[in-house]
Amino acid sequence: MRMLIKKMQFEHSAAINAYIKTRMQKLESFYQGIISCHVVIERTNKQQTNPTIHSIKLHLTLPSKIELTAHIENSDNLYKAIHACFDKVQRQMIDHVNIMEGATKSHDELHHGTVVRLFEEDGFG
């Protein structure tokens with residue numbers, strides 16, 4: 001699996017990389033066929049005096065050109081934003097696997113009928 005972590009407008013740390021890789025390993029435990037993972041972390045505010053606000057984008061590619069994406073904007077806690085982004089993609093992945101395995105809910109067939117007669121004098125029909 002190819003993995004790309006891109007950080008824009010801020011200094012990255014080994015701890016952030018390790019956390020992203022740990023979250024990715026958790027996703028791989030749900031689905032072994034992940035082809036690629038692209039994570040983009042961007043600092044959205046440019047002022048040094050304000051708390052740092054981050055935007056996270058996550059893009060996974062699965063076989064058969066299935067693409068799963070998640071985006072978290074304006075988060076002041078980078079680790080919570082990464083966690084939330086990976087959780088969104090994990091839910092999408094579980095839904096995809098359930099569809100592939102046929103484990104989704106099926107609705108009962110609608111019954112169709114034909115009106116044969118009306119009973120207007122009895123107050124219905």
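Let's start with the strands: β2 and β3 run antiparallel and are joined by 8 bridges. To see one spot along that pairing, find Val-40, which stands opposite Lys-57 in β3. Keep in mind as you look around that this is a predicted model.

Now look at how β1 pairs up. Here 7 bridges join β1 to β2, and these two strands run parallel. One place to look is Met-8, whose bridge partner in β2 is Glu-42. While you're following strands, here's a handy rule: in a regular strand, the side chains alternate between the two faces of the sheet.

Next up is helix α1, which covers residues 14-30, 17 residues in total. From the first C-alpha to the last, α1 reaches 25 Å, close to the 24 Å expected at 1.5 Å a residue. Which residues of α1 are buried? They are Ile-16, Ile-20, Arg-23, Met-24 and Leu-27. These buried residues cover an arc of only 105° around the axis, which puts them on the same side of α1. If that spacing along the chain looks odd, remember that an α-helix has 3.6 residues a turn, so residues three or four places apart point the same way.

What covers that buried side? The cover includes the strands β1 (2-8), β2 (36-43) and β3 (54-62), along with helix α2 (78-101). Now turn the helix around: the face of α1 pointing away from its buried side carries the exposed residues Ala-14, Gln-25 and Ser-29.

Let's zoom in on one of the buried residues, Arg-23, which lies in helix α1. Its relative accessible area is 7%, and the cut-off for buried is under 20%, so Arg-23 counts as buried. Who does Arg-23 touch, if we don't count residues up to four places away in sequence? The answer is His-83, Phe-86, Asp-87 and Gln-90.

Finally, let's go ring hunting. How many aromatic pairs are there? The count comes to 1. The rings belong to Tyr-19 and Tyr-79, with their centres 5.2 Å apart and their planes at 75°, so the pair is edge-to-face. Since Tyr-19 lies in helix α1 and Tyr-79 in helix α2, the pair ties together parts that are 60 residues apart in sequence. Are these two tyrosines buried or exposed? Tyr-19 is partly exposed, with a relative accessible area of 24%, and Tyr-79 also counts as partly exposed, at 35% relative accessibility.

Terms used. Residues numbered from 1 in each chain as written. Predicted model: local features only at pLDDT ≥ 70, side-chain atom pairs only at ≥ 80, totals over all residues. Heavy atoms only, no water. Helix = DSSP H or I, 4+ residues; strand = E, 2+ residues; numbered from the N terminus. Expected span 1.5 Å × (residues − 1). Buried < 20%, exposed > 50% of the residue type's maximum accessible area, 1.4 Å probe, protein only. Arc of directions from axis to C-beta. Contact = heavy atoms within 4.5 Å. Pairing = 2+ DSSP bridges. Phe/Tyr/Trp six-rings, centres within 6.5 Å; stacked < 30°, edge-to-face > 60°.
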